[in-house]
Every structure is written in structure tokens, then in C-alpha cells.
Amino acid sequence: MRAFLAIELNDYVVDKLVKTQQKLDNPDFGKIKMVEKQNMHLTVKFFGDIDNRKLNQITDSINHIKDDFKPFTGKVVGIGAFANFHNPRVIWTTLKDKQDMTTKLLKSFDMEFSNIGFKKEKSYKPHITLGRVKNIKDKKMLYEALESVKREYYGKVDVNKLVLKSSTLTPSGPIYETVDEFKL
């Protein structure tokens, strides 16, 4: 099973993110593969293909560390791009909170998962992928579109659980299913 651990978003935030996707999904800009509405989330850790033994280790690790975190609320705000607005490959937004709990959560879980054999991340940039840029037709137009939405506010997200998801790849895109939920 291909799996990842995620923070889910509420419908209000997702609906607002879809409106931004629609603004950026212009064939004049180039080809951008937008993330489907039902697949929007913030990835805590991507595991890749795992077997049942590894699944049990992941579950044990989550249960070991989840109580270190209490529920918190973050704001989904802003638009960014990897590498940058001049050369975007991935368009994303972020989840910000006053005490940087999202980043602390990502770091703590990454450290815990490294203890069971998963590679540690090089950096921690909590992000929600909105789209992947396949090719750019007009750099200036795309840059201006990104600039126009870079300070958008999408709403609040109550982070009170983590969700372990499976991902099945299909020609029309991935299909995610919930494997387990872990309350904070």
C-alpha cells in the first residue's frame, strides 16, 4: 500500500482554495495539473509503498508521539511556489499558527519515523499543494496571476487529528482512502 500521514482541511477552506485554483488554471499561462478538491490536504509524512509490518510500526509510532500535541488552530494563508514565482513547478499554500505548531508537529513526527527506517526530510515547509506546473506558456502572465493571489486568506483549520491515508495511482489521478485516524 502507498501511504501518507496528513492533516485534513475543512470544506470552507477547500472551497476557497478551489476558487484560487480556477484563477490560476488558465491555458494562456501554460499547463497546470490542479489537485482535485477531494485530495487537498497537508502532508505530515509521505511513506511510499509499505507492507503490513511497516504499517503497524507507523501506527505504533503515531500513537507513541501524538499525545505530545494538543489540538490547535491554524490559518491557511498565502500562495507560494517551489522553486519560486518566476519558475514555478509546484503551487502551494501554507498553514500558519502563532506558535509554529505545524512545523513542530512535522519535525517531531519526522524524527519519530526516522527511528523506524524512513528518511528524514531536509527541510520542513508545511504546505498544501494546489497544482503542479507541467509547462509554462507565458511566464509573465503566470507570475502576475501568482502575485495577485499571494496574500489570500482561506480560513482557519482546527488541527485535532491526523489521518493515515492510502493512495492508489490511476490514469485520472490518485485516489485517497482513510486507513486510520489519530486524535490529538
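## A tour by pocket, helix and salt bridge

Start at the second largest pocket, whose lining residues divide into 4 nonpolar, 3 polar and 4 charged. (Ala, Val, Leu, Ile, Met, Phe, Trp, Tyr, Cys and Pro count as nonpolar, Asp, Glu, Lys and Arg as charged, and the others, Gly among them, as polar.) Before you click on, note that this is a predicted model, where local features need pLDDT of at least 70 and side-chain atom pairs count only at pLDDT 80 or more, while totals for chains, interfaces and linings use all residues. Residues are numbered from 1 along each chain as its sequence is written, and side-chain values use heavy atoms, with hydrogens and water left out.

**Stop 1: the two pockets**

To see that lining, select Glu8, Leu9, Asp11, Val14, Lys37, Gln38, Asn39, Met40, His41, Lys165 and Tyr176. The space in this second largest pocket comes to about 160 Å³. A pocket here is an open set of points on a 1 Å grid over the protein atoms alone, where a 1.4 Å probe fits, with protein on both sides within 12 Å along at least five of seven lines; lining residues have an atom within 4 Å of a point. Grid points are joined across faces, edges and corners, and the volume is the space filled by probe spheres set on them.

Now go to the largest pocket, with a volume of about 760 Å³. Which residues lie nearest its centre? Select His41, Thr43, His127, Thr129 and Arg132, out of 31 lining residues. His41 also turned up in the lining of the second largest pocket. Next, colour strand 1, strand 2 (30-34), strand 3, helix 3 and strand 6 (128-136): each supplies at least two lining residues of the largest pocket. (Helices, H or I with at least four residues, and strands, E with at least two, are DSSP runs numbered from the N terminus.) Strand 3 gives the most, with 5 residues. By type, the lining of the largest pocket holds 14 nonpolar, 8 polar and 9 charged residues.

**Stop 2: helix 3**

Select residues 101-114. At 1.5 Å a residue, these 14 residues of helix 3 should span 20 Å, and the end C-alpha atoms, 20 Å apart, agree with that. The expected span is 1.5 Å times one less than the number of residues.

Show side chains for Met101, Thr102, Thr103, Leu105, Leu106, Phe109, Asp110, Glu112 and Phe113, which are buried. (Buried means under 20% relative accessible area, exposed over 50%, partly exposed in between, with a 1.4 Å probe and protein chains only.) What do they pack against? Light up strand 1 (2-8), strand 3 (41-49), helix 2 (52-65), strand 4 (72-83), strand 5 (88-96) and strand 8 (161-168).

While you have Phe109 on screen, add Lys66, in the loop between helix 2 and strand 4. Lys66 touches Phe109, Phe182, Lys183 and Leu184, leaving aside residues up to four places away in sequence. (Contact means heavy atoms within 4.5 Å.) With 15% relative accessibility, Lys66 counts as buried.

**Stop 3: salt bridges**

How many salt bridges does the whole structure have? The search finds 10. (The test is a side-chain nitrogen of Lys or Arg within 4 Å of a carboxyl oxygen of Asp or Glu.)

Stay on helix 3 for one of them: the side chains of Lys45 and Asp110 meet at 2.7 Å, N to O. This pair links distant parts of the chain, with Lys45 in strand 3 and Asp110 in helix 3, 65 residues apart. Buried or exposed? Lys45 counts as buried at 3% relative accessibility, and Asp110 is buried too, at 1%.

Next, select Lys161 and Glu8, whose salt bridge is 3.7 Å, N to O. Lys161 sits in strand 8 and Glu8 in strand 1, so the pair ties together parts 153 residues apart in sequence. Both are partly exposed: Lys161 at 22% and Glu8 at 27%.

Then hop to helix 4 (residues 139-149), where Glu144 and Lys140 lie 4 residues apart, about one turn of the helix. Salt bridges that share partners also join Glu8, Lys161, Lys165 and Glu181 into one network, so add those four to your selection. Back on helix 4, Glu144 and Lys140 form a salt bridge of 2.7 Å, N to O. Glu144 is partly exposed at 40%, whereas Lys140 is exposed at 57%.

**Last stop: Gly173**

Finish in the loop between strand 8 and strand 9 (175-183), where Gly173 lies. At 12% relative accessibility, Gly173 counts as buried. Gly173 touches Glu36 and Thr168, again not counting residues up to four places away in sequence. Try a distance label to Val35: the two C-alpha atoms are separated by 8.7 Å, though the residues are 138 apart along the chain.
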